[in-house]
Amino acid sequence: MLENDKLLHMGGSYAISSAVSSIIYDRTKNKKCALIYGAAVSLVIGVGKEVYDRKNGNPDWSDMLANTIGTTLGLVTIRIAI
């Protein structure tokens with residue numbers, strides 16, 4: 001069973017990547033651009049959180065794996081929908 005923290009990382013990354021991709025696609029009608037921006041924004045936020053945790057918490061590489069999985073699932077969902 002996955003830790004609650006990992007599920008939160010996946011869920012947050014899923015929401016960010018799918019939301020950003022949807023917004024970019026709505027404005028540009030460019031699928032490739034939308035998916036790239038969705039992935040980039042989600043992963044940059046995930047890396048930023050781990051950098052923050054390095055000084056103020058407990059950084060964990062498995063959190064980045066969870067972020068990557070959530071980001072990918074969000075992009076797959078958007079790719080199917082658009």
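1. Contacts of Tyr14. Leaving out residues up to four places away in sequence, Tyr14 touches Gly70, Thr71, Leu73, Gly74 and Thr77 in this predicted model. Tyr14 itself belongs to helix 1, and its relative accessible area of 32% places it in the partly exposed class, because that class lies between the limits of 20% for buried and 50% for exposed. The C-alpha atom of Tyr14 is also separated by 7.9 Å from that of Asn67, although the two residues are 53 apart along the chain.

2. Confidence. Since the model is predicted, the reader may wish to have the confidence values at hand before going further into the details. The chain averages a pLDDT of 95, and 100% of the residues score at least 70. Among the elements, the highest mean pLDDT, 97, belongs to helix 1, which covers residues 4-28, while the lowest, 95, belongs to helix 3.

3. Overall architecture. The chain contains 3 helices and 0 strands, and the order of its elements from the N terminus is α-α-α. The C-alpha trace spans about 40 × 30 × 15 Å along its principal axes. A compact globule of 82 residues would have a radius of gyration near 12 Å, and the 13 Å found for the chain agrees with that expectation. Buried residues account for 32% of the 82 residues. Where contacts join residues at least 6 apart in sequence, 68% of them link residues at least 24 apart.

4. Thr71 as a meeting point. Which residues does Thr71 contact, once its neighbours within four places in sequence are set aside? They are Ser13, Tyr14, Ser17, Ala39, Ser42 and Leu43. Thr71 lies in helix 3, and among these partners Tyr14 is in helix 1, as is Ser17. Thr71 is buried, with a relative accessible area of 3%, whereas its partner Tyr14 is partly exposed at 32%.

5. Ser17 and its surroundings. Ser17 is placed in helix 1 and counts as buried, because its relative accessible area is 0%. Apart from residues up to four places away in sequence, Ser17 touches Gly38, Ser42, Gly70, Thr71, Gly74 and Leu75; of these, Gly38 is in helix 2 and Thr71 is in helix 3. The C-alpha atoms of Ser17 and Val76 are 9.8 Å apart in space, with 59 residues of sequence separation.

6. Gly38 in helix 2. Is Gly38, found in helix 2, buried or exposed? Gly38 counts as buried, with a relative accessibility of 0%. Beyond its neighbours within four places in sequence, Gly38 is in contact with Ser17, Val20, Ser21 and Leu75, and the contact with Ser17 is also listed from the side of Ser17. Between the C-alpha atoms of Gly38 and Ser13, which are 25 residues apart along the chain, the separation is 9.6 Å.

7. Gly46, also a helix 2 residue. Gly46 is found in helix 2 and is buried, with a relative accessible area of 6%. Residues up to four places away in sequence aside, Gly46 touches Met64 and Asn67, and Met64 is among the residues that line the largest pocket. The C-alpha atoms of Gly46 and His9 are separated by 8.1 Å, with their positions 37 residues apart along the chain counted as the sequence distance.

8. The backbone at Lys29. Lys29 has a phi near 60°, a positive value in a residue other than glycine, and this deserves a look because most residues other than glycine have a negative phi. Lys29 sits in the loop between helix 1 and helix 2. The side of the question that concerns exposure is settled by its relative accessible area of 54%, so that Lys29 is classed as exposed.

9. The largest pocket. The largest pocket has a volume of about 180 Å³, and its lining consists of Val47, Glu50, Val51, Arg54, Pro59, Asp60, Trp61 and Met64. Two or more of these residues come from each of helix 2, residues 31-56, and helix 3, residues 61-81. Helix 2 gives the largest share, 4 residues. How many of the lining residues are nonpolar, polar or charged? The lining divides into 5 nonpolar, no polar and 3 charged residues.

Methods
Residues numbered from 1 in each chain as written. Predicted model: local features only at pLDDT ≥ 70, side-chain atom pairs only at ≥ 80, totals over all residues. Heavy atoms only, no water. 1 Å grid on protein atoms, 1.4 Å probe; cavity = no way out; pocket = protein on both sides within 12 Å on 5 of 7 lines; lining within 4 Å. Points joined across faces, edges and corners; volume = space filled by probe spheres on them. Nonpolar A, V, L, I, M, F, W, Y, C, P; charged D, E, K, R; others polar. pLDDT = per-residue confidence, 0-100. Buried < 20%, exposed > 50% of the residue type's maximum accessible area, 1.4 Å probe, protein only. Contact = heavy atoms within 4.5 Å. Rg over C-alpha atoms; globule rule 2.2 N^0.38 Å.
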